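Let's take a friendly walk through one helix pair, one sheet and two backbone oddities. Please keep the structure open as you read.

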Amino acid sequence: MSKLVEVPGGIIPERDAGKPPVLEARHIGIDFGGLTAVDDFDFVLGATEIGGLIGPNGAGKTTVFNLLTNVYQPTRGSILLNGVDTKGKSTYQINKLGIARTFQNIRLFKDLTVLDNVLIGMHNAMDYNMASSVLRLPRYWKEEKRAKEKAIELLSIFDMQDMVELNAGNLPYGAQRRLEIVRALATKPKLLLLDEPAAGMNPSETAELMENIRRIRDMFKISIMLIEHDMNLVMGICEGIAVLNYGRIIAKGTPEEIRNNPVVIEAYLGKKGV
């Protein structure tokens with residue numbers, strides 16, 4: 001793993017130090033009524049970094065992902081994606097800017113085929129107009145052929161190229177998880193947010209997922225940020241980690257620093273003698 005260096009607002013891998021960060025979350029927070037769910041979240045992600053966001057259940061991790069994708073609008077603070085302020089943009093516009101995500105609870109089109117699920121993710125890249133689609137002009141068929149070839153290429157990352165005609169809802173749980181990642185990749189993201197990607201996977205599947213996440217980062221030259229409770233996965237793959245508790249960051253650092261941080265240990269295990 002690359003050595004981490006300090007930049008304004010956080011730490012990023014040394015190899016990304018000369019490039020603009022893909023994500024800059026500056027002091028963001030959100031209140032629901034009188035309840036503060038996230039407060040003063042300050043985080044920077046390098047252009048090709050695999051970063052982790054961890055914390056106990058209810059710490060606010062998924063709320064952070066919802067803020068980054070504008071499912072929720074921050075009450076305060078700012079979010080920059082490749083230097084572009086995302087304030088006021090819709091989730092669709094955020095996706096076009098380059099953020100894609102998966103969810104804690106799988107959200108596939110379960111009655112559609114594996115191939116169709118990936119093709120839906122490629123809507124941003126389809127280069128034909130309404131008339132070409134309705135009239136089935138040559139440009140439409142050319143783009144459809146190109147999209148299907150690309151979709152199968154993406155599925156091959158997870159050895160799913162032979163599953164194209166299967167209904168997504170009939171896939172084993174782990175395969176559904178992988179398909180959701182492929183569909184997110186189909187949108188051509190600059191930043192991929194993975195919300196508990198290893199949930200429900202056995203140790204062998206988790207080890208394979210780790211290698212595939214690295215391969216995705218290296219193949220597509222993108223940044224990946226994940227929420228995960230499997231500490232073996234987090235410590236084995238993440239370069240920089242932020243720890244959230246009660247909606248606030250309590251620690252940032254390398255896996256080794258986080259593993260040995262007494263504040264983090266207390267947040268997970270409680271105080272001695274309690």
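In this predicted model, helix α3 (residues 114-121) packs against helix α6 (residues 173-185) with the axes 7 Å apart and an angle of about 30 degrees between them. Axes here are lines fitted to C-alpha atoms, for helices over the stretch in contact, and angles run from 0 to 180 degrees between N-to-C directions. Helices (H or I, at least four residues) and strands (E, at least two) are DSSP runs, numbered from the N terminus. The α3/α6 crossing is right-handed, a label used when the near helix is turned clockwise from the far one by less than a right angle.

On the α3 side, Val114, Asn117, Val118 and Gly121 make the contact, and they meet Leu179, Val182 and Arg183 of α6; contact means heavy atoms within 4.5 Å. How well covered is α3? Six of its eight residues are buried, meaning under 20% relative accessible area (1.4 Å probe, protein chains only). They are Val114, Leu115, Asn117, Val118, Leu119 and Gly121.

Residues are numbered from 1 along each chain as its sequence is written, and side-chain values use heavy atoms, with hydrogens and water left out. Local features need pLDDT of at least 70 and side-chain atom pairs count only at pLDDT 80 or more, while totals for chains, interfaces and linings use all residues.

Now for the sheet. Six strands form an open sheet in the order β8-β9-β10-β5-β11-β12, with mixed pairing; two strands pair if DSSP finds at least two bridges between them. At the edges, β8 (99-101) and β12 (248-253) each pair on one side only. Neighbouring strands are turned against each other by 20 degrees on average, direction ignored. Strand β9 runs parallel to β10 (residues 223-227), joined by five bridges, and Asp195 stands opposite Ile227 in β10.

Two helices touch this sheet. Helix α1 (residues 61-68) contacts β5 (50-54), β8, β9, β10 and β11 (240-245), its direction making about 145 degrees with that of β10. Helix α7 lies across β5, β9 and β10, at about 150 degrees to β10.

Finally, the backbone. Most residues other than glycine have a negative phi, yet two loop residues have positive values.

| Residue | Phi | Loop |
|---|---|---|
| Asn82 | near 50 degrees | between β6 (76-81) and β7 (84-85) |
| Glu196 | near 55 degrees | between β9 (191-195) and α7 (203-220) |

Asn82 is partly exposed (from 20% to 50%), with a relative accessible area of 37%. Glu196 is buried, at 14%.
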